[in-house]
Each structure stands twice: as structure tokens, then as C-alpha cells.
Amino acid sequence: MWFFRRLLRVSWKDRRTNGNVLAEMGTGRTLLSLVKERRLLKYIGHAERNTKTDLMKTIFEGKTEAKRGRGRPSLSYVDQVSKATGLKLQSISQKSQDRVIWRGIVKSSCAAANINPDDAAR
């Protein structure tokens, strides 16, 4: 955002929102879409299809034995992926075994969020 504001010569005293600056530049927030796409496509499919070790699958599906701290419960990795795809853990595990089906799910969830996974991978 700092770079975009410098390009547009917007002073820090000007009361312009980040959304306004992004709209004037004709761009959007790409980092969040890149993280979402990689979280879905790259890691889960790789972890579920890996036959050499069960460590990644255990980490993906496992829970740690610890006392819960104060405050809001933190979102787990599975919760974030379930929210992004709209699927439960069992169906995520089953569908990510087939690469073609999993890529279709990722493309549809990215399309729902107005993300182009091919552009985000670059």
C-alpha cells in the first residue's frame, strides 16, 4: 500500500482508504488470494497423496494434547480449509486423493472468491 500511495502522490494526511487507492490503481489484494490458493492446492493435495510417510497426514488431521489458553480459540488449519471449500474433513481427505477432482474443487472455490488460481500461482 505504501508503494501505491507513493505512485499516486497521496499524502499521509489525506483521508483516503486503502480500497480507494487500490481501485484507482486498478488492482486488488493479491497476497490473500495467493495464500488461499496455495493452502488448498499445494499443501493438502500433497500431504494427502504422499504414501511415503504418514507424518504430514497426522499433522494435518491431528490435534495436540495441550491445555487450552484464554481467549478466542485459534482456527485450526482444517477449519480454515473447510471454510474455504465448504467440505468436511472426511470429504476433503477423500477428494484430495484424486488430483483432478481436487483441482476442480480448488478452482471452484477460488472462482467463488473471485480468484484466478493460475494468476495467483505466478
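Let me begin with a term I will need throughout: a residue counts as buried under 20% relative accessible area, as exposed over 50%, and as partly exposed in between. By that rule Arg-16, at 25% relative accessibility, is partly exposed, and I will come back to its partner in a moment. Please keep in mind that what we have here is a predicted model.

First, the overall picture. The protein chain contains eight helices and zero strands, so that, by the run-based assignment used here, its elements read α-α-α-α-α-α-α-α from the N terminus on. Of the 122 residues in the protein chain, 28% are buried, and the chain exposes about 9,500 Å², of which carbon and sulfur atoms supply 53%. As for how the chain meets itself, if we take contacts between residues at least 6 apart in sequence, 49% of them join residues at least 24 apart.

Now to the N-terminal helix, α1, which covers residues 2–7 and holds Trp-2. Trp-2 is exposed, with a relative accessible area of 65%, and together with Phe-3 and Leu-7 it forms a nonpolar patch on the surface, the three having about 400 Å² of accessible area together. Phe-3 also takes part in a ring pair, and the count of aromatic pairs comes to one. The ring centres of Phe-3 and Phe-4 lie 6.4 Å apart with their planes at 55°, and the pair is therefore classed as tilted, given that edge-to-face would require over 60 degrees and stacked would require under 30. The centre distance also deserves a careful word, because the cut-off for pairing is 6.5 Å. Phe-4 itself is partly exposed, at a relative accessible area of 22%.

Moving along the chain, we reach the loop between α1 and α2, where Ser-11 is found. Ser-11 is partly exposed, with a relative accessible area of 30%, and a polar atom of its side chain lies 3.1 Å from the backbone nitrogen of Lys-13.

That brings me back to Arg-16. Which residue forms a salt bridge with Arg-16? The partner is Glu-24, and the closest N and O atoms of the two are 2.3 Å apart. In general, side chains of opposite charge can pair when their charged atoms come close. Glu-24 is partly exposed, with a relative accessible area of 46%, and Arg-16, as I said at the start, is partly exposed at 25%. The structure holds one salt bridge, and with that pair I will stop.

Conventions. Residues are numbered from 1 along each chain as its sequence is written. This is a predicted model: local features need pLDDT of at least 70, side-chain atom pairs count only at pLDDT 80 or more; totals for chains, interfaces and linings use all residues. Side-chain values use heavy atoms; hydrogens and water are left out. Helices (H or I, at least four residues) and strands (E, at least two) are DSSP runs, numbered from the N terminus. Buried means under 20% relative accessible area, exposed over 50%, partly exposed in between (1.4 Å probe, protein chains only). Contact means heavy atoms within 4.5 Å. Accessible areas come from the Shrake-Rupley method with a 1.4 Å probe; for residues, only the protein chains shown count as cover. Rings of Phe, Tyr and Trp (its six-membered ring) pair if their centres lie within 6.5 Å; planes under 30 degrees apart count as stacked, over 60 as edge-to-face and the rest as tilted. Patches are made of residues with over 30% relative accessible area and no salt bridge: like charges are joined within 9 Å, nonpolar side chains (Val, Leu, Ile, Met, Phe, Trp, Tyr) within 5 Å. A salt bridge is a side-chain nitrogen of Lys or Arg within 4 Å of a carboxyl oxygen of Asp or Glu. A polar contact is a pair of N or O atoms within 3.5 Å; within protein, one must be able to donate a hydrogen and the other to accept it, and residues adjacent in sequence count only if both atoms are side-chain atoms.
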